[in-house]
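User: Please take a close look at one pair of packed elements in this model. How are the two arranged, and what is the setting around them?

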Amino acid sequence: ETPSKCVMAFGTARRKEATPLPFKPVFVLCCVLINESLSITFLFPFVPFMVRSFHVAKTEEDVGYYAGMIASSFMLAQFFSSYLWGWLSDRIGRRPVLLSGMIANIACTLLFGFSKSLWLAVTARSLCGLLNGNIGVAKCYMSDITDESNQGKGFSVIALMWGAGLMVGPIVGGLLSQPADKYEALFSQDGPFGVFPFLLPCIFIASVSVVGLVVGIKYLKEPGRLESQHEKTVRASGQDKDIEMQGLGASDSLAMDLEAGDDDDDAESGSSTRVPTPNDCEVVDLEQSKTATESGSSRMLSNGNSSHSKSSETGSCTPTVLVTVLSYCVLKMSTIMSDEAFPLWAASTISEGGLEFDSNRITVPLTASGVALVLFQLFVFHRLEHCFGALQIFRIGLFVTAPLFAVVPFLGFVYTQAPKEVFWFIICGIYVLRSFSLSSSFTSIMLLINNSAPAGRVGAVNGVAQSCSALFSAVAPLSSGSLFAWSSSAGLPFPIDYHFIFLLTGTLIASLILPAMLLPASVNMRRSNSSSMLNKLATESGT
């Protein structure tokens, strides 16, 4: 039989109907992901007050230093542990790693709430990062339980839960910390929440992990079992014959070096030929399909042994893996630097190029951005990914995001010259569009990292990505604050004045465009699925 007709809409191909996401595993992942993002951000509103309660800071500068130490200890610990957890999930399975991570998160979060000294607080946060690799492993699990038809929707759930946790975390920490001082009618100073003023938000965060743990123990299955059941359903309904393909896009001529480095690892899955990709643009008829398959099969037989030995040497670090992981880290670092610099710039005086905003006005564009992110991930991204493919969405996202990062400090001129209604429309519009482009870029690059991972090494590759991004995330706030303070106070000329940090982050994003253009179109398709598709076509052609 011939492969099914190629769907030409917007230059990509998918299965005719998207496979429904399995509800119970996705629900458990939602609990895991929202808890991870809550755990990172819930302490930000009260950590300076916690430091003061330890009586170790002699000046306000010391408060900031020790608060940064507590906040960054989690990410620094993740840098050392994430790869090991990802590697372990490839060996013993995703389920035990996810469940153990939730148990560790419960214990370490409660320990943090009971902290009465700086070093106990730092130890609790460090242990939470060391003993919990769920951020990267959750992405692996989502990759395992989705296919090309629904992976966009699955990774939209990841971005949605992560964004929701980042928004809700500071609210939880701010409202529930020091309850004996804020809600005297409900909490006594002599009670447990008076003695441990930061315990209540920790209990709330731990309770989310408890819900995820209970549901996970009952419903979370190892992905291999879910896949085998799904494959039976697909075969029974005949959907496995509805694979749609297209020819390579123009970017592939630029991507030959990257593909050549990755072909060695594809041999481990039984293929040394170029696989069909979602950017393909030609409908393959019966005779062409048979010819291509027979040629590919003979090449597989002749090159299989030598390619396998090469694959064992290269491991997980193919050129495509390196490019996608580095792109993810630079994108995350640039975003954190920009997010850290915005309130500093907006709160500075008009004479210094700022807006003289208070905290309430600073939150207006950020709130608009958060609402836009939720709506975009719920209703838009998976449809765009279904039409264009993750690689094309990532490229477009970078093109749009880079100028949006760079333009922010120029809004000071708009604020002083234009009516206030016009200014608010522009700044909120920029941050809403920025939310669209950033969420598209992050979700797409997560998909590309998973797709670029050799079969059997998805956990290790995600562990490397999480370890590296954790290091970048720990460094970004410190460098952003220091660079903004230096450029704003030194009386330097444009562009190294207060514009500098925003122009720098925009340039960093723009620097990712060329590597993204050089990525092979095959990164839109998973390697394990690509090899099984070729084997399937070979079987059909021989019958």
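Analyst: **A packed helix pair**

Helix 17 and helix 21 run roughly antiparallel to each other (angles over 145 degrees count as roughly antiparallel, under 35 as roughly parallel, 65 to 115 as roughly perpendicular and the rest as oblique). This is a predicted model, in which local features need pLDDT of at least 70 and side-chain atom pairs pLDDT 80 or more, while totals for chains, interfaces and linings use all residues. Residues are numbered from 1 along each chain as its sequence is written, and side-chain values use heavy atoms, without hydrogens and water.

Helix 17 spans residues 390–407 and helix 21 residues 500–510. Their packing angle is about 170 degrees, and the axes lie 7 Å apart (axes are lines fitted to C-alpha atoms over the stretch in contact, and angles run from 0 to 180 degrees between N-to-C directions). On the side of helix 17, Leu398, Thr401, Ala402, Phe405 and Ala406 take part in the meeting. Their partners in helix 21 are Phe502, Leu503, Thr505, Gly506, Ile509 and Ala510 (contact means heavy atoms within 4.5 Å).

The pair belongs to a protein chain with 23 helices and 0 strands (DSSP runs numbered from the N terminus: H or I of at least four residues for helices, E of at least two for strands). Of the contacts in this chain with a separation of 6 or more, 84% join residues 24 or more positions apart. Among the 543 residues of the chain, 52% are buried (under 20% relative accessible area with a 1.4 Å probe, protein chains only; over 50% is exposed, in between partly exposed).
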